[in-house]
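Reader: I am new to this structure and would be grateful for a close look at a single part of it. Please take the surroundings of one ligand as the subject and then set them in their wider context.

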Amino acid sequence: MNLQVEVGGLKLKNPVMTASGTFGFGREYGEYIDLNQLGAIVVKGLTVKPKEGNPPPRVYETPCGMLNSVGLQNSGVDAFIEKELPFLRDYDVAVIVNIAGETIEEFAYMAKKLDIDGVDGIEINVSCPNVKKGGMAFGINPDDIFNITKEVKKVTQKTVIVKLTPNVTDIGVCAKAAEDGGADAVSLINTIAGMAINIDTRTPVFKNMIAGLSGPAIKPIALRMVYEAARAVKIPVIGMGGISSFKDALEFMIAGAKAVAIGTCNFVNPNCTIEVIEGIKQYMVLNNIEDINEIIGSLKVD
Amino acid sequence: MNLQVEVGGLKLKNPVMTASGTFGFGREYGEYIDLNQLGAIVVKGLTVKPKEGNPPPRVYETPCGMLNSVGLQNSGVDAFIEKELPFLRDYDVAVIVNIAGETIEEFAYMAKKLDIDGVDGIEINVSCPNVKKGGMAFGINPDDIFNITKEVKKVTQKTVIVKLTPNVTDIGVCAKAAEDGGADAVSLINTIAGMAINIDTRTPVFKNMIAGLSGPAIKPIALRMVYEAARAVKIPVIGMGGISSFKDALEFMIAGAKAVAIGTCNFVNPNCTIEVIEGIKQYMVLNNIEDINEIIGSLKVD
Amino acid sequence: METRILSNEKIASGIYKLVYEWKGGIPSPGQFVMVDCKGKTFLKRPISVCSVDDKSMTIVYQVKGEGTKNLSEMKKGDTIEVTGPHGHGFELYEDKNVLIVGGGIGIPPLLYLAKKIKAKNSYIALGFKSEIFLVEEFKNLGEVIVTTEDGSFGKKGMVTQGIEDIIDKIDIIYGCGPKPMLKILQDISLKNNIPCQISVEERMACGIGACLVCACKVKKDGGFAYKRVCKDGPVFWAEEVEF
Amino acid sequence: METRILSNEKIASGIYKLVYEWKGGIPSPGQFVMVDCKGKTFLKRPISVCSVDDKSMTIVYQVKGEGTKNLSEMKKGDTIEVTGPHGHGFELYEDKNVLIVGGGIGIPPLLYLAKKIKAKNSYIALGFKSEIFLVEEFKNLGEVIVTTEDGSFGKKGMVTQGIEDIIDKIDIIYGCGPKPMLKILQDISLKNNIPCQISVEERMACGIGACLVCACKVKKDGGFAYKRVCKDGPVFWAEEVEF
Ligand SMILES: Cc1cc2nc3c(=O)[nH]c(=O)nc-3n(C[C@H](O)[C@H](O)[C@H](O)COP(=O)(O)OP(=O)(O)OC[C@H]3O[C@@H](n4cnc5c(N)ncnc54)[C@H](O)[C@@H]3O)c2cc1C
Ligand SMILES: Cc1cc2nc3c(=O)[nH]c(=O)nc-3n(C[C@H](O)[C@H](O)[C@H](O)COP(=O)(O)OP(=O)(O)OC[C@H]3O[C@@H](n4cnc5c(N)ncnc54)[C@H](O)[C@@H]3O)c2cc1C
Ligand SMILES: Cc1cc2nc3c(=O)[nH]c(=O)nc-3n(C[C@H](O)[C@H](O)[C@H](O)COP(=O)(O)O)c2cc1C
Ligand SMILES: Cc1cc2nc3c(=O)[nH]c(=O)nc-3n(C[C@H](O)[C@H](O)[C@H](O)COP(=O)(O)O)c2cc1C
Ligand code: FES
Ligand code: FES
């Protein structure tokens, strides 16, 4: 049985990855699961300099989901290369580094720095709703997507993935902008902008007002957008948003995703990624599917 | 205690309405609750001619929500006036009629026909994701919103509400287009475009592929959009999307909604509207609030 | 209405019989209730009334997905939220020769029908895949013919086989079961010009006729229309249904 | 890990003691478990370990919202999903004079601490609003001083009152309770130059250090940084925490 997929030149042993920001740098979940079994690990979003992130509260439970306002807390790209990458190098798993610049130059700067051994791919994060500069502000603008992608592609040999925001009218246009900019793949969706209010104090739950919604609640929306993106571009699409089971993962793949990522549901079930991989295998056996690539984009439409 | 609010000239005895398409024409829920207690009834979307709607399946449960693909099944505006309006006239409750044209002319035609006794408001539905013509295709385009609103305003004396779609990058721009077109109020959100796939048959669950997501799952998104819309316009905003309790309703009102509508949660709890009204009253007593208008837009932001 | 569970027992593999206190309306045969299955389910689930007395109501259900699985884990003394009875049930005629045809989990509502109907003669054809259930309860209500697909009980084959042999004796047919079975009943009904009522299934949301998601395609003026399974049905005249 | 509930009883109004089978790791005092509260809750809830033996673990919790409400409705024999122990607990030093200060629902983890710590002398100050709980269990573990805000049991007032009277005897302070109480302990610790460890609370998602939502503001190089309550804490040195 073949589980291997290729995402923009990058060969993954299976299509199941972790979603940026939900899996740290692999260390913590490494105590629960065998990281070698994953298709890829996508690490927490990095910035040029260390970033403290947003003040608490940073999380709020919502019906079948959660809002987060982490705000890209991380120790910076240098600390990543020095302290986290060596740890990840010890595993036989593709490593994709999520970068979040405040300017085009910052994206290029980080991508260049990360054009090193042990890094397999760069995920351009133009979709974080929790920062004041950069993030989603870029991602809602096809021109910005195009330009950032182009500059990043110039300075790296790695597979370049553009992570799109769902907070747009037409996801196809955004995916196309990434493709035109030279992206090797797009990934989606990042969190959906949401909000919560404390009715007793009549204040927003989050200081930033807006936070990012993730988890099973958003799955139907994510699936629709992945389908639309896959129809809009020829490059591979990595699908995510609320995946909690192999069934969800298969929906995304049938809709056209070449790989999938699991985010929030890791929190609820640390074994989620592994169970998804096992479930996909069983589905393939049951349905006599030899090669997982037969599933991708296999949606029958009349 | 004052619960009365005014929405674009229309006085409502309280701010709790029903969301179009979830409450039929009031008959069915009339067997469960006293319709006279509602702030307003918004009826199922009407079209110029009777419309059969979409083939089944039309519903799919999702985590804390549901997808629907009804496709505006209704007997047409004439049948409404003849058969449903007389029934509603017997109640002491504001009646808002949701109209869904396929062209600007159809909107104006229906609005004119409905400029009659017993109708208190017109809700322009430019946000249905389940029809091939009209609906959301208009709602994602500010110019269309503006033009339709303007034409409808010309032919009716009633309060004109424009119902917006959440499937846009900037809801503020859409709300503003409605305001500029002369709308007396905007209402939001309609359902979010979503999708589901049957992994056994590898076919879409819905023939139309895309369906509309509603219910508690979308509440954080709806609340954010209502907040954004309320900041973008001076006309009243009617908030909805996943409201299941008085707490949810109050969040929307604190965020700036002058009234709220309950949709999907009627299905789960037929008494939902009444419980929301009671809950708001209790909250007001507990917090020493004499006039509900004090709550509207009272979000404290630093 | 919140009510208390009196018993919840397995009566065949994957099939459970749930009895709860009932002080609500008395249903007519073919009507259903909407049950809150708790856990992570969101919408209520429609389940047909299998029997009712002045204190309690019985439903029989098959574990299909999360909702019915949760239901199967509930215990005596637990409370559940049940609304109803909903829908338009079977139309009953007195003193007729009736044929009642049930397939699998379509059988429970027919028990209530068989009890209530004042027939001249009742022929009751019950079909199962393999394991049978509720058959005992039908024993005194008419002439019962049991069929199993694998022959492990009664006749081997489909429940609709053999109907044509007795069709001459029948004034009206009542059916509930899987779609292919209902389709065959429709054919038999049309071919032999015998009125037939069938109970159809569609996914529901409100269960009371307000949301229009439970569409059943019916013939209308040469074309078609969608009727509401929850309000206009679940029981329709077979001739009007478009499969 | 899925485990079976051995008992779940109310020990004061709104306060429950839950015992379940435990074959997992042995926690250190101050560590917590993540509990799936079922129903419509989505994320697990962090609850401190109150005690553990070779077969079972005990947690004591207060009903706050939906999660803890669901938890309070679970019965002996039900299964629940519990992971852990998680987090960085109290650092224990032998042969010291320790002051343990607990407020309300912050008290349960301190019982486990008081049992495990090999102190020279333990002074245990327990504060409640009105109704007391767990006080009996502390009886043989040190000199217990109980305070209630309304004076219905022990001294009337706040649990932190009177600490300064005995502060000269104390080598180290351990605290868990509401933020204002922790803040006072921090002040006392700084003023008297006595080391103090406090257990802080923040909403969690992953509970294991991967998602960074459980931020606790700590002093760092003249500025500040956010540490993870679930991994770097929940126990921090009082001096580093910024309230
Ligand atoms: C009027 C009526 C009476 C009924 N009476 C009975 C009865 O007496 N006994 C009984 O056992 N059952 C009865 N049913 C069927 C029962 O309602 C369903 O089996 C039940 O709702 C399943 O719920 P679940 O949560 O267990 O499964 P779900 O998880 O909701 O669904 C089970 C399966 O169906 C699939 N599914 C879900 N939604 C759709 C959709 N929109 N389209 C296609 N597939 C879908 C799911 O993917 C899953 O595989 C009745 C139905 C109706 C309409
Ligand atoms: C390390 C640690 C140990 C703990 N140990 C214990 C213990 O031993 N015993 C115990 O009883 N409790 C303990 N708690 C607290 C416990 O985790 C919470 O009380 C519990 O999660 C509440 O869950 P719930 O579902 O009942 O309430 P929820 O409904 O989740 O919340 C209760 C209230 O908090 C509000 N709320 C929810 N999210 C936020 C947010 N992000 N910001 C502000 N307000 C919010 C809600 O609106 C609601 O009013 C501990 C917490 C931590 C972090
Ligand atoms: C706590 C948290 C932190 C996240 N941080 C990042 C991040 O740093 N970079 C990024 O591109 N996406 C980030 N995301 C978005 C996820 O990678 C993912 O796109 C989104 O959560 C949807 O998937 P899910 O529903 O499976 O979580 C974060 C999500 C969560 C919940
Ligand atoms: C079954 C169904 C039918 C609907 N029909 C209409 C409609 O005809 N016109 C309209 O403007 N909105 C329609 N809506 C959208 C609702 O009015 C509402 O905007 C949306 O469902 C979000 O609110 P909720 O989450 O409370 O349901 C429909 C929603 C549902 C679930
Ligand atoms: S389920 Fe709502 S109309 Fe039938
Ligand atoms: S809860 Fe995820 S890092 Fe603490």
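Which element gives the largest share of the shell around ligand 1?

Author: The model discussed here is predicted. In it, the largest share of the shell around ligand 1 comes from β4(C), which contributes 4 residues. That strand is one of several elements that take part. Those giving two or more residues to the shell around ligand 1 are β5 (59–62) of chain B and, from chain C, β4 (45–48), β6 (56–62) and α1 (66–72). Because residues from chains B and C surround ligand 1, the site is shared between chains.

The individual residues give a finer picture. There are 22 residues around ligand 1, and those that come nearest are B:V59, C:R45, C:P46, C:G67 and C:T68. By class, the shell around ligand 1 consists of 11 nonpolar, 5 polar and 6 charged residues. The domains of chain C matter to the description as well: domain 1 (2–86) and domain 3 (202–234) of chain C both give residues to the shell around ligand 1, so the ligand lies between them.

Several polar approaches to ligand 1 involve the backbone of chain C. A polar backbone atom of C:P46 is 2.6 Å from an oxygen atom of ligand 1. For C:G67, a backbone N or O atom lies 2.7 Å from an oxygen atom of the ligand, and for C:G65 a polar backbone atom is 2.8 Å from an oxygen atom of ligand 1. On its own, ligand 1 has 980 Å² of accessible area, of which the protein covers 78%.

A second ligand may be described in like manner. Ligand 2 lies between chains A and D. Of the 22 residues around ligand 2, A:V59, D:R45, D:P46, D:G67 and D:T68 come nearest. At least two residues of its shell are supplied by each of β5 (59–62) of chain A and β4 (45–48), β6 (56–62) and α1 (66–72) of chain D. The largest share, 4 residues, comes from β4(D). The shell around ligand 2 divides into 11 nonpolar, 5 polar and 6 charged residues. Since domain 1 (2–86) and domain 3 (202–234) of chain D both give residues to this shell, ligand 2 lies between them.

Side chains of chain D also approach ligand 2. An N or O atom in the side chain of D:T68 is 2.4 Å from an oxygen atom of ligand 2. A polar side-chain atom of D:R45 lies 2.7 Å from an oxygen atom of the ligand, and an N or O atom in the side chain of D:R203 is 2.7 Å from an oxygen atom of ligand 2. The protein covers 78% of the 990 Å² of accessible area that ligand 2 has on its own.

The chains themselves complete the context. Of the 4 pairs of chains in contact, chains A and B share the most contacts. Chain A gives 43 residues to that contact, and chain B gives 43 residues. About 3900 Å² is buried between chain A and chain B, with carbon and sulfur atoms giving 68% of that area. Within chain A, the residues losing the most area to chain B are A:M195, A:I199 and A:R202, which together account for 19% of what that side buries. Chain A and chain C, by contrast, do not touch, and their nearest C-alpha atoms are 8 Å apart. Likewise, no contact joins chain B and chain D, whose closest C-alpha atoms lie 9 Å apart.

Terms used. Residues are numbered from 1 along each chain as its sequence is written. Chains are lettered from A and ligands numbered from 1 in the order in which they are written. This is a predicted model: local features need pLDDT of at least 70, side-chain atom pairs count only at pLDDT 80 or more; totals for chains, interfaces and linings use all residues. Side-chain values use heavy atoms; hydrogens and water are left out. Contact means heavy atoms within 4.5 Å. A residue is near a molecule or strand if one of its heavy atoms lies within 4 Å of it. A polar contact is a pair of N or O atoms within 3.5 Å; within protein, one must be able to donate a hydrogen and the other to accept it, and residues adjacent in sequence count only if both atoms are side-chain atoms. Accessible areas come from the Shrake-Rupley method with a 1.4 Å probe; for residues, only the protein chains shown count as cover. Ala, Val, Leu, Ile, Met, Phe, Trp, Tyr, Cys and Pro count as nonpolar, Asp, Glu, Lys and Arg as charged, and the others, Gly among them, as polar. Domain bounds come from an automatic or database domain assignment. Buried area is the accessible area (1.4 Å probe) that two parts lose on being put together, summed over both.
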